[in-house]
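Here is a short report on one protein chain. It goes from the overall fold to the core and then to a single residue.

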Amino acid sequence: MALALCGQGRAVAIIERSEFPRRKVCGEYMSAVNLELLDRLGAGAAIRAKAGPEVRRVALFASGPGIDAGMPRAAGDAFGRALGRDVLDGILLDAARNAGADVFQPCRAVTIISDGENAAVRISGKDDQRVLAAPVVIAAHGSWEQGKLSTNLPKSSAPHDLFGFKAHFKGASLARDLMPLLVFPGGYGGMVWTDQDRMSLSCCIRRDVLARLREKSGALSAGQAVHAHIMASCPGTVSAIGSATLDGEWLAAGPIRPGIRPRFADDIFRVGNIAGESHPIIAEGISMALQSGWLLATELARFDRWDREARVVAGSRYSKAWNRQFATRIRTATVLARIAALPQSAAAMRAFVSWFPESLAIGARLSGKTKALPVPR
């Protein structure tokens, strides 16, 4: 997003809460259409130089042996790849800084007050506080971010809430071109090779199931309990990481908030998870963050002056473009996630995929992995 706006000659300020590099709960996979987008923004070469191998096959690891199918190709016979968020975010932030963006890090927005023409954003860092004035404010924080801004979502404590976990492994036996979907009681996940010869395992699990696992597991941490649960439920996972070693600690975050939210409200634009979020079962989180930022930048580029009227028009156009690009994949993810959460889903899904392996490729296509971004008009 910042790179695209800097490319338009705009003055851009980035408020980033964390110091980089930092690890983050994320599936870390990027579909091929995003690599093309990153090429347009000038960051593609740096990302390709560090990313893991091409993902040419998808698979299902459930209650029995794994079943795989070919990953659908994007335009130009391209395939997606994965890159650790500790690496990806650093590359993008450095590129934005080199393009002219002012970076405030570690820092966070405390209040946002609009007078109709500009917004006054009060930010707080380690050493000082200041107020930034800007005609356009864009929220790009996660859906589980807590705070008092109008873009922050209320807390949730429902039993069916999903919590996300992520860990890296070294010495895994997973085929280098394979990205399997893991289905286990109470949740789902995925594995993929990323940078530095690391394999990433990310997953979601219901709050009530996690609570029961922790009661049974005694001294194990939440991440360790989830790891043991997956290993006991998914034979394919055992063959992939049974002899692998954990690289760093398990990370956890959540609850995740799948669904479609306002993309422009209270005179603030939203991109990424705070605009709308798919169930991670389709591994499209990074894609939606990158692409939603590009869609918004494309609409903002239509205006020389971003007054209130221009922002409203841009917000309306952006919301419609966002729906066209993402609504189908969010609905697909919702259906798949609900199926995966059923008590007998692992065996049922494996039986269906065994009979119809191509369903894996169809699901990948419906999730948007080959859907190119629209050309600006």
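The text below covers the whole chain, its nonpolar cores and one buried side chain.

**Whole chain**

This is a predicted model. The protein chain holds 11 helices and 19 strands. Its radius of gyration is 21 Å, close to the 21 Å that the globule rule gives for 377 residues, so the chain is as compact as a globular protein of that length. Along the principal axes, the C-alpha trace spans about 60 × 50 × 35 Å.

Of the 377 residues, 52% are buried. Contacts with a separation of 6 or more were also sorted by distance along the sequence: 73% of them join residues 24 or more positions apart.

The surface and the charges complete this overview. The exposed area of the protein chain is about 16900 Å². Carbon and sulfur atoms supply 54% of that area. There are 48 positive and 34 negative side chains. The centres of these two sets lie 4 Å apart.

| Property of the protein chain | Value |
|---|---|
| Radius of gyration | 21 Å |
| C-alpha span along the principal axes | about 60 × 50 × 35 Å |
| Exposed area | about 16900 Å² |
| Separation of the two charge centres | 4 Å |

**Nonpolar cores**

Which residues have the most contacts inside the largest nonpolar core? They are Met30, Ile47, Leu83, Leu92, Phe269, Leu300 and Tyr318, in a core of 48 residues. Five helices each give two or more residues to this core: H1 (2-7), H2 (32-40), H4 (85-98), H8 (285-300) and H9 (308-340). H8 provides the largest share, eight residues.

Another core lies apart from this one. It has 29 residues, among them Ala59, Phe61, Ala167 and Leu174.

Leu83 deserves a closer look. Residues up to four places away in sequence are not counted here. Leu83 then touches Glu28, Met30, Ile47, Lys50, Ala51, Leu88, Ile91, Thr194 and Asp195. Two of these partners, Met30 and Ile47, are also listed among the residues with the most contacts inside the core.

**Asparagine 34**

Asn34 lies in helix H2. Is Asn34 buried or exposed? Its relative accessibility is 0%, so Asn34 counts as buried. Buried here means under 20% relative accessible area.

Which residues does Asn34 contact, leaving aside its neighbours within four places in sequence? They are Ser287, Leu290 and Gln291. Helix H8 runs from 285 to 300, and these three contacts of Asn34 carry numbers in that range. Asn34 and Ala4 are 30 residues apart along the chain. Their C-alpha atoms are separated by 14 Å.

Key
Residues numbered from 1 in each chain as written. Predicted model: local features only at pLDDT ≥ 70, side-chain atom pairs only at ≥ 80, totals over all residues. Heavy atoms only, no water. Helix = DSSP H or I, 4+ residues; strand = E, 2+ residues; numbered from the N terminus. Rg over C-alpha atoms; globule rule 2.2 N^0.38 Å. Buried < 20%, exposed > 50% of the residue type's maximum accessible area, 1.4 Å probe, protein only. Contact = heavy atoms within 4.5 Å. Areas by Shrake-Rupley, 256 points an atom, 1.4 Å probe, with all protein chains shown as cover. Lys, Arg positive; Asp, Glu negative; His and termini not counted. Charge placed at Lys NZ, Arg CZ, Asp CG, Glu CD. Core = buried A, V, L, I, M, F, W, Y, C linked by side-chain atoms within 4.5 Å.
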